[in-house]
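Work through the following exercises with the model open beside you. Each one sets a task and then gives a solution in steps.

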Amino acid sequence: MGRLALVLAVALALLAGCDGSSDQPTPRPHPQNGLRSPEGVMIRDWLMAVAHGDFGQAATFFAPGAIIDQGHPFRLPNAAAARTFNAGLPCHAELVGLEDEGAKVLATFRLTPGPGGPCRGRVQVRYTIVDGKFKEWRQLDTGAPEPSGPVV
C-alpha cells in the first residue's frame with residue numbers, strides 16, 4: 001500500500017469513530033498536510049532552483065536583508081549575497097514535512113547528495129515568509145552531526 005493510501009486509510013479510520021462532539025483538543029495537522037500550501041510550493045520551487053544550479057533564480061526567493069541562521073546569524077544584504085549563499089549549499093534536499101506555526105512555518109527536509117558530496121539525515125528550518133520571500137531562514141539544532149557549511 002502506498003504512503004498516501006496508508007495515510008488516507010488511517011484518516012478514514014479515525015473519522016469513522018468520531019462524531020465531532022469530543023471535548024478533546026483538535027490534533028495538530030500531520031506535517032505532510034502543508035506540503036501543498038503556498039509555502040510548501042515556494043520551498044519546493046526554491047529547492048528545484050538550487051538542485052538545477054540556477055542560483056540566480058534561487059536568490060529571488062530571499063528578501064533583501066534576509067536573516068540566515070545556522071548557529072551564527074547573518075544577513076543577506078542583496079541578491080548577490082543570496083546567490084552566493086545558495087551556490088555554497090553542499091547538500092540537496094527533499095521537503096518531507098511542513099507545519100504551519102502561524103507567522104512561521106517549520107520545514108523538515110531529507111538531505112540528499114549535492115555538490116559537497118554525500119549528505120544524509122534530516123534537518124529542520126523555520127522560515128518567516130513575507131510577501132512570498134524568505135525573510136528569516138533559521139536552521140534548528142537537531143544535535144545530529146552535519147556536513148560542514150550550510151546544509152540545505
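**Exercise 1. Decide whether Asp-131 is buried or exposed, and describe its backbone and its place in the chain.**

Asp-131 has a relative accessibility of 78% and therefore counts as exposed, where exposed means over 50% relative accessible area, buried under 20% and partly exposed in between, with a 1.4 Å probe and protein chains only. The model is a predicted one, in which local features need pLDDT of at least 70 and side-chain atom pairs count only at pLDDT 80 or more, while totals for chains, interfaces and linings use all residues. Residues are numbered from 1 along each chain as its sequence is written, and side-chain values use heavy atoms, with hydrogens and water left out.

As to place, Asp-131 lies in the loop between S5 and S6; helices (H or I, at least four residues) and strands (E, at least two) are DSSP runs, numbered from the N terminus. These two strands form a hairpin with two residues between them, and Asp-131 in the turn has a positive phi of about 50°. As background, most residues other than glycine have a negative phi.

**Exercise 2. Set out how many helices and strands the protein chain has, and in what order they run.**

The protein chain has four helices and six strands. Read from the N terminus, the elements follow the pattern α-α-α-β-β-α-β-β-β-β. Of the 152 residues, 34% are buried. Turning to contacts (heavy atoms within 4.5 Å), 50% of those between residues at least 6 apart in sequence join residues at least 24 apart.

**Exercise 3. Reconstruct the sheet: in which order do the strands lie, and which are the edge strands?**

Begin with the order, which is S2-S1-S6-S5-S4-S3 in an open sheet of six strands with mixed pairing. Strand S2 (74-76) and strand S3 (92-100) are the edge strands, since each pairs on one side only; two strands pair if DSSP finds at least two bridges between them. Neighbouring strands of this sheet are turned against each other by 25° on average, direction ignored.

Next, take the pairs one by one.

- S1 and S6 run parallel and are joined by four bridges, with Ile-68 standing opposite Trp-137 in S6.
- Strand S5 (residues 122-130) and strand S6 (residues 133-139) pair in the antiparallel sense over six bridges; Ile-129 stands opposite Phe-134 in S6, and Thr-128 has Glu-136 as its bridge partner in S6.
- S3 and S4 pair in the antiparallel sense over eight bridges, and Asp-100 has Val-105 as its bridge partner in S4.

S3 and S4 also form a hairpin, with four residues between them, and Gly-102 in its turn has a positive phi of about 90°.

**Exercise 4. Determine which residues of helix H4 are buried, and what they pack against.**

In helix H4 (residues 79-87), the buried residues are Ala-81, Ala-82, Phe-85 and Asn-86. Seen down the axis of H4, they fall within an arc of 135°, so they line one face of the helix; the arc is that of the directions from the helix axis to the C-beta atoms. Ala-80 and Thr-84, on the other side of H4, are exposed.

The packing partners of the buried residues of H4 are H2, helix H3 (55-59), S1, S2 and S6. At the start of H4, a side-chain oxygen of Asn-78 comes to within 3.2 Å of the backbone nitrogen of Ala-80, a distance to be read against the polar contact cut-off, a pair of N or O atoms within 3.5 Å, in which, within protein, one must be able to donate a hydrogen and the other to accept it, and residues adjacent in sequence count only if both atoms are side-chain atoms.

**Exercise 5. Explain why Asp-69 and Ser-37 count as buried, and place each of them.**

Asp-69 belongs to strand S1 and counts as buried because its relative accessibility is 14%. Leaving aside neighbours within four places in sequence, Asp-69 is in contact with Trp-137, Arg-138 and Gln-139.

Ser-37 lies in the loop between helix H1 (3-16) and H2, and its relative accessibility of 18% is why it counts as buried. Ser-37 and Asp-100 are 63 residues apart in sequence, and their C-alpha atoms are 9.4 Å apart in space.

Methods. Axes are lines fitted to C-alpha atoms, for helices over the stretch in contact, and angles run from 0 to 180 degrees between N-to-C directions.
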